[in-house]
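Work through the exercises below with the sequence and the model side by side. Try each task before reading its solution.

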Amino acid sequence: MTVQEAPPVTRRVESAHRLTFVRAIRGEWIKLSTLRSTWWSIGIAALLTIGIAVLIAQAIDLPGFEPIQAVVMPIQFTMLLAGILGAISVTGEYSTGMIRSTLAANPKRGSMLAAKAVVVGVFMFVSSLVIFAAAAAAVSVVVASRDQSIDWSDPAASILPIVVSSLAMSVFALIGVAFGFLLRSGAGAIAATVGVLFVLPIVASFFAVAGEAWTWVTDASNYLPVAAAQSAILPENAALEGPVAYLTLAAWVVAGMLAAWTVLRTRDA
């Protein structure tokens, strides 16, 4: 009678390098920080923000015009750089095929999306905070010659507009990220981002002189990302109240991320 040996017991060994959300964030940061386009975009945004802010501070010397307005007004131009940076941070992976390696390393697509959104959003916020602070320093030098200054003793009139402007830049970048996942094409994602951030507000402005029958268009345009950001940055006489403006910006981010997550989890890379 032969005795059969028991099959060997296989034990699952936990890897010391198990993927966590923190490591996913680190991986996304490495990818974002090693792209030349990232630093070119930030450099151009810095030059435009500081340069335009200085020009506005020099050109406008009117009663009621606060120097902090010159600091934050360039966001109307740099918003496109933020949106484009967000878009290419995604579409660059699709164009090179790196997205397959990314999803192989992190098959949880929701985790990957969240990690990329966190990295792009935080990076844009911190970078914008530094840029706007530098613009504020430059504007302070310009307006000092006419006995003006930014009132730093009142955070609502100095620090808050800079922080909210930086937050708005993060929102614009995340809109670009969402379009990147939705369209997977660099040209398409950039075109869609520019359309939402720049073209739609211009089109809506045409209806301001079209009569009362079209006032709903101008009213609806107040909920576009840029208009909501302007209401949040400088709430005095703004089209939207402060809480509504913040909720509108949050809604754009949430809607974009949900749409991106839905598409990402239902189709191949």
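The exercises go from helix pairs to the core and then to single residues.

This is a predicted model, in which local features need pLDDT of at least 70, side-chain atom pairs count only at pLDDT 80 or more, and totals for chains, interfaces and linings use all residues. Residues are numbered from 1 along each chain as its sequence is written, and side-chain values use heavy atoms, with hydrogens and water left out.

**Exercise 1. Describe how H2 packs against H6.**

Step 1. Find the elements: helix H2 covers residues 36-59 and helix H6 covers residues 109-144. Helices (H or I, at least four residues) are DSSP runs, numbered from the N terminus.

Step 2. Take the axes, which are lines fitted to C-alpha atoms over the stretch in contact, with angles from 0 to 180 degrees between N-to-C directions. The axes of H2 and H6 come within 9 Å and cross at roughly 25 degrees.

Step 3. Classify the angle. Under 35 degrees counts as roughly parallel, over 145 as roughly antiparallel, 65 to 115 as roughly perpendicular and the rest as oblique. H2 and H6 are therefore roughly parallel.

Step 4. Give the hand. The crossing of H2 and H6 is right-handed, meaning that the near helix is turned clockwise from the far one by less than a right angle.

Step 5. List contacts, that is, heavy atoms within 4.5 Å. H2 contributes residues including Trp39, Ile42, Ile50 and Val54, while H6 contributes residues including Phe123, Met124, Ile131 and Phe132.

Step 6. Sort by class. Ala, Val, Leu, Ile, Met, Phe, Trp, Tyr, Cys and Pro count as nonpolar, Asp, Glu, Lys and Arg as charged, and the others, Gly among them, as polar. The contact of H2 with H6 holds 18 nonpolar, 4 polar and no charged residues.

**Exercise 2. Do the same for H7 and H10.**

Step 1. Helix H7 spans residues 159-183, and helix H10 spans residues 225-233. Their axes lie 9 Å apart, at an angle of about 165 degrees.

Step 2. That angle makes H7 roughly antiparallel to H10. H7 passes H10 in a right-handed crossing.

Step 3. On the H7 side, Pro161, Val164, Ser165, Ala168, Phe172 and Ile175 take part. They meet Pro225, Val226, Ala229, Ala232 and Ile233 of H10. By class, the contact of H7 with H10 has 10 nonpolar, 1 polar and no charged residues.

**Exercise 3. Work out the arrangement of H4 and H5.**

Step 1. Helix H4 (residues 75-96) packs on helix H5 (residues 98-105) at about 105 degrees, with the axes 5 Å apart. H4 and H5 are therefore roughly perpendicular.

Step 2. Glu93, Tyr94 and Thr96 of H4 touch Met98, Ile99 and Thr102 of H5. The contact of H4 with H5 divides into 3 nonpolar, 2 polar and 1 charged.

**Exercise 4. Which residues touch the most other members of the largest nonpolar core?**

Step 1. Such a core is a set of buried Ala, Val, Leu, Ile, Met, Phe, Trp, Tyr and Cys residues joined through side-chain atoms within 4.5 Å. Buried means under 20% relative accessible area, exposed over 50%, and partly exposed in between (1.4 Å probe, protein chains only).

Step 2. The largest core has 66 residues, and Val71, Phe172 and Phe181 touch the most other members. H6 gives the most to this core, with 14 residues.

Step 3. Look around Phe181. Leaving out residues up to four places away in sequence, its contacts include Val90, Tyr94, Met112, Leu113 and Leu264.

**Exercise 5. Ile68, Ala87 and Ala59: buried or exposed?**

Step 1. Ile68 is in helix H3 (residues 67-72). Ile68 counts as buried, at 5% relative accessibility.

Step 2. Ala87 belongs to helix H4. Its relative accessible area is 0%, so Ala87 is buried.

Step 3. Ala59 lies in helix H2. Ala59 counts as exposed, at 64% relative accessibility.

**Exercise 6. Locate two residues with positive phi.**

Step 1. Recall the rule: most residues other than glycine have a negative phi.

Step 2. Asp147 has a phi near 60 degrees. Asp147 sits in the loop between H6 and H7 and counts as exposed at 76% relative accessibility.

Step 3. Arg184 also has a phi near 60 degrees. Arg184 is in the loop between H7 and helix H8 (186-206). With a relative accessible area of 31%, Arg184 is partly exposed.

Methods. Helices (H or I, at least four residues) and strands (E, at least two) are DSSP runs, numbered from the N terminus.
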